[in-house]
Amino acid sequence: MLSLLLTLEYDGYDYSGWVKQKNARTIQNELERAFFRVCQQPVWTLGASKTDAGVHACNQKVLVKIPFQPRNVDFFIKTISKSLPINMNIKDYKVVADNFSVRTTKLKEYVYTINDHSYDFTNHRYELKVDELLDLKKLRQVSQVFVGDHDFAYFSGVKQSEAIKTQRKINKIYVKRNKAKKIEIHFIAKGFIRYQIRMITQNILACYWDRISLEQLKEVLDHPPVGQTTKYCAKPYGLCLKKIKY
């Protein structure tokens with residue numbers, strides 16, 4: 001048995017998320033198929049983050065347990081990577097202990113990209129296009145409402161029947177323009193819940209456009225309405241898992 005921690009990057013636009021599903025194309029499905037094509041036997045995989053359908057990653061961490069010891073691990077991983085679809089790639093790997101906990105992370109960083117300039121055909125799969133130039137100062141002001149410890153039940157896809165805690169802490173949110181002059185909203189926390197970042201992002205924009213007030217955002221963070229979730233949720237393809245720290 002060999003335990004490996006992979007660093008995986010992928011374009012999630014054409015996939016139904018990370019988690020393996022019977023009747024859908026997912027990242028985990030494709031990764032395990034690539035291993036099976038090379039090994040001719042199944043391997044066990046577990047991702048550090050369950051990215052949603054359409055969401056990308058440039059630093060997903062995946063624990064893989066291989067039921068044998070390859071003679072040349074470097075060559076083995078390169079062969080697996082070449083067997084993956086063209087929109088997936090194994091960037092790196094390292095050997096870890098068999099009891100390594102891939103989900104026990106210190107921090108995760110996601111980035112949501114917004115293009116408020118002209119349409120970009122090359123990158124349209126990786127950004128949300130808006131039709132007006134946005135003011136970074138105002139976006140920064142709104143975004144800080146979500147920093148800290150809050151009950152994010154209103155800003156999540158978690159159902160009442162699910163035993164998932166919605167009380168979470170966001171360590172930091174910062175907004176900047178990248179070299180291409182596009183807006184990046186960075187979210188840093190130990191972990192996130194389903195749709196949380198996308199819902200927060202669209203609520204930041206909704207508040208920016210005066211469709212919801214700062215006071216209303218603060219109220220639903222302090223007192224989430226039972227059984228209700230926000231109607232605002234940003235498109236998945238603007239979101240990318242950027243970094244995971246252990």
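Q: Let's start with one residue: is Arg37 buried, partly exposed or exposed?

A: Good place to begin! Please keep in mind that this is a predicted model. The idea is to look at the relative accessible area, where buried means under 20% and exposed means over 50%. Arg37 has a relative accessible area of 44%, so Arg37 is partly exposed. You can find Arg37 in helix 1.

Q: How far apart are Arg37 and Ile80, in sequence and in space?

A: Here we compare two kinds of distance. Arg37 and Ile80 are 43 residues apart in sequence, and their C-alpha atoms are 8.4 Å apart in space. Now try another pair: the C-alpha atoms of Leu128 and Ile27 are separated by 22 Å, with their positions 101 residues apart along the chain. Leu128 is found in strand 6, and its relative accessibility of 11% makes Leu128 buried.

Q: Where is Glu132, and how far is its C-alpha atom from that of Tyr112?

A: Glu132 is in the loop between strand 6 and helix 3. Along the chain, Glu132 and Tyr112 are 20 residues apart, and 17 Å separates their C-alpha atoms. Glu132 is partly exposed, at a relative accessible area of 36%.

Q: Let's turn to cysteines. How many disulfides are there?

A: First the general idea: a disulfide is a covalent bond that joins the sulfur atoms of two cysteines. In this model the count is zero disulfides. Cys233 shows how the reasoning goes. To count, two cysteine sulfur atoms must lie within 2.5 Å. The closest cysteine sulfur to that of Cys233 belongs to Cys240 and is 17 Å away, which is too far for a bond.

Q: Which of Cys39, Cys58 and Cys233 are buried, and which are partly exposed?

A: Take them one by one. Cys39 is buried, with a relative accessible area of 12%. Cys58 is partly exposed at 26%, and Cys233 is partly exposed at 29%. Cys58 is found in strand 3. The C-alpha atoms of Cys58 and Asp116 are 23 Å apart in space, and these two residues are 58 apart in sequence.

Q: How many aromatic pairs are there?

A: To describe a pair of aromatic rings, we give the distance of the centres and the angle of the planes. The count here is eight aromatic pairs. One of them joins Tyr13 and Tyr237: the centres are 5.7 Å apart, the planes are at 40°, and the pair is tilted.

Q: Why does the pair of Tyr13 and Tyr237 tie together parts that are apart in sequence?

A: Look at where each ring sits. Tyr13 is in the loop between strand 1 and helix 1, while Tyr237 is in the loop between helix 5 and strand 10, so the pair ties together parts 224 residues apart in sequence. Tyr13 is partly exposed at a relative accessible area of 36%, and Tyr237 is partly exposed at 22%.

Q: Which residues do ring pairs link into a cluster?

A: The cluster consists of Phe35, Phe68 and Phe76, linked by ring pairs. Rings can also have a charged group over the face. In this structure, Lys138 lies over the face of Tyr208, 4.8 Å from the ring centre.

Q: What is the volume of the largest pocket, and which residues are closest to its centre?

A: For a pocket, we ask about its volume and its lining. The largest pocket has a volume of about 900 Å³. It is lined by 32 residues, and those closest to the centre are Ser49, Lys50, Phe192, Ile193 and Arg194. Strand 5, strand 8 and helix 4 are the elements that each give two or more residues to this lining. By type, the lining residues divide into 13 nonpolar, 10 polar and nine charged.

Q: Last topic: what are the phi values of Tyr195 and Asp210?

A: Most residues other than glycine have a negative phi. Tyr195 has a positive phi, near 65°. Asp210 also has a positive phi, about 60°, although it is not a glycine. Tyr195 is found in the loop between strand 9 and helix 4, and Asp210 lies in the loop between helix 4 and helix 5. Tyr195 counts as partly exposed, at 32% relative accessibility, whereas Asp210 counts as exposed, at 65%.

Methods:
Residues are numbered from 1 along each chain as its sequence is written. This is a predicted model: local features need pLDDT of at least 70, side-chain atom pairs count only at pLDDT 80 or more; totals for chains, interfaces and linings use all residues. Side-chain values use heavy atoms; hydrogens and water are left out. Buried means under 20% relative accessible area, exposed over 50%, partly exposed in between (1.4 Å probe, protein chains only). Rings of Phe, Tyr and Trp (its six-membered ring) pair if their centres lie within 6.5 Å; planes under 30 degrees apart count as stacked, over 60 as edge-to-face and the rest as tilted. Helices (H or I, at least four residues) and strands (E, at least two) are DSSP runs, numbered from the N terminus. A charge sits over a ring if NZ of Lys or CZ of Arg is within 6 Å of the ring centre and within 35 degrees of the ring normal. On a 1 Å grid over the protein atoms alone, a cavity is a set of points where a 1.4 Å probe fits but cannot get out, and a pocket is an open set with protein on both sides within 12 Å along at least five of seven lines; lining residues have an atom within 4 Å of a point. Grid points are joined across faces, edges and corners, and a volume is the space filled by probe spheres set on the points. Ala, Val, Leu, Ile, Met, Phe, Trp, Tyr, Cys and Pro count as nonpolar, Asp, Glu, Lys and Arg as charged, and the others, Gly among them, as polar.
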